[in-house]
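Please open the model in your viewer and keep the sequence panel beside it, so that each selection can be followed in turn. The tour visits pockets and cysteines.

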Amino acid sequence: KYNDCNGSGMAGWEMVLSNRTGSEIARTRTDADGIYRFCDLAPGDYRVCEVMQSGWVPLGVTCHNVTLVCTNMTDVDFLNVPLPCISGRKTHSVTGAGLSGWRINLTDSFGLVNNTTTNDTGYYQFCNLLPLHTYQVEEVMQPGWAAKGTTFYYVTPTACGNITGLDF
């Protein structure tokens, strides 16, 4: 079980082994190196599946069909990448201090809107986004304030990178 962004093994992922009729035979978790094992199996047809975790997206299949004969089967691998985040800060243009309580909207390419509010340091973050989707990040102006600089960004996160520094 690998993180395709950096090639590291992924610990603690649940793996499920089923027989050819789909009945579950065993479950295990990957070790610190992302390795899992199902041992003492008779020759036959099996299915190995990963149990997906939030914040990750698979690259390829989430289940492998495996036929065991009289030797061990290795390299039944699964690749995943983390879902990216978009983040930034809302700051006072003169003092540089973070401004809390500012609403920030996120609109995806389908027109769906999500929003958050900046924290005490002016920081905001949107996570578990779809890679290679275009998003608009926009501050909602408050009464009595005027924008200095941009009030929105269009960004397209990649599968292996967060977008930071979208400051207002």
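Begin with the second largest pocket of this predicted model, which holds about 150 Å³ of space. To centre the view on this pocket, select Lys 90, Thr 91, Ser 93, Ala 146 and Lys 148, which lie nearest its centre among the 13 residues that line it. If you colour this lining by class, you should find 5 nonpolar, 5 polar and 3 charged residues.

Move next to the largest pocket, whose volume is about 670 Å³. Here the selection to make is Tyr 36, Arg 37, Phe 38, Met 73 and Thr 74, the residues nearest the centre of a lining that counts 27 in total. Colouring the lining of the largest pocket by class gives 17 nonpolar, 4 polar and 6 charged residues. Now show the strands β4 (44-50) and β6 (63-68) as well, since each of them supplies at least two residues of that lining.

With β4 and β6 still displayed, select Cys 49 and Cys 63, which are joined by a disulfide with an S to S distance of 2.0 Å. Cys 49 sits in strand β4 and Cys 63 in strand β6, so this pair ties together parts that are 14 residues apart in sequence. The link of Cys 49 and Cys 63 is right-handed, with 115° about the S-S bond. A surface display helps to tell the two ends apart: Cys 49 counts as buried at 14% relative accessibility, while Cys 63 counts as partly exposed at 21%.

How many disulfides are there altogether? The count comes to 3, and when the bonded cysteines are numbered in sequence order the pairing reads 1-6, 2-3, 4-5.

For another of these links, select Cys 5 and Cys 160, which form a disulfide with their sulfur atoms 2.0 Å apart. Cys 5 lies in the loop between β1 (2-3) and β2 (14-19), and Cys 160 lies in the segment after β13 (152-155), so the bond ties together parts that are 155 residues apart in sequence. Turn the view along the S-S bond and you will find a left-handed link, with -85° about that bond. Cys 5 is partly exposed, with a relative accessible area of 30%, and Cys 160 is also partly exposed, with a value of 45%.

Then select Cys 85 and Cys 127, a disulfide whose sulfur atoms are 2.0 Å apart. The torsion about the S-S bond of Cys 85 and Cys 127 is about 110°, so this disulfide is right-handed. The pair links distant parts of the chain, 42 residues apart, with Cys 85 in the loop between β7 (79-82) and β8 (86-89) and Cys 127 in the loop between β11 (123-126) and β12 (135-139). Cys 85 counts as buried at 12% relative accessibility, whereas Cys 127 counts as partly exposed at 37%.

Finish with Cys 39 and Cys 70, and draw a distance between their sulfur atoms. Why is Cys 39 not bonded to Cys 70? The closest cysteine sulfur to that of Cys 39 is in Cys 70, and because the two are 16 Å apart they are too far for a bond, given that a disulfide requires sulfur atoms within 2.5 Å. Cys 70 is in no disulfide. On the surface display, Cys 39 counts as exposed at 55% relative accessibility, and Cys 70 counts as exposed at 75%.

Technical notes. Residues numbered from 1 in each chain as written. Predicted model: local features only at pLDDT ≥ 70, side-chain atom pairs only at ≥ 80, totals over all residues. Heavy atoms only, no water. 1 Å grid on protein atoms, 1.4 Å probe; cavity = no way out; pocket = protein on both sides within 12 Å on 5 of 7 lines; lining within 4 Å. Points joined across faces, edges and corners; volume = space filled by probe spheres on them. Helix = DSSP H or I, 4+ residues; strand = E, 2+ residues; numbered from the N terminus. Nonpolar A, V, L, I, M, F, W, Y, C, P; charged D, E, K, R; others polar. Buried < 20%, exposed > 50% of the residue type's maximum accessible area, 1.4 Å probe, protein only.
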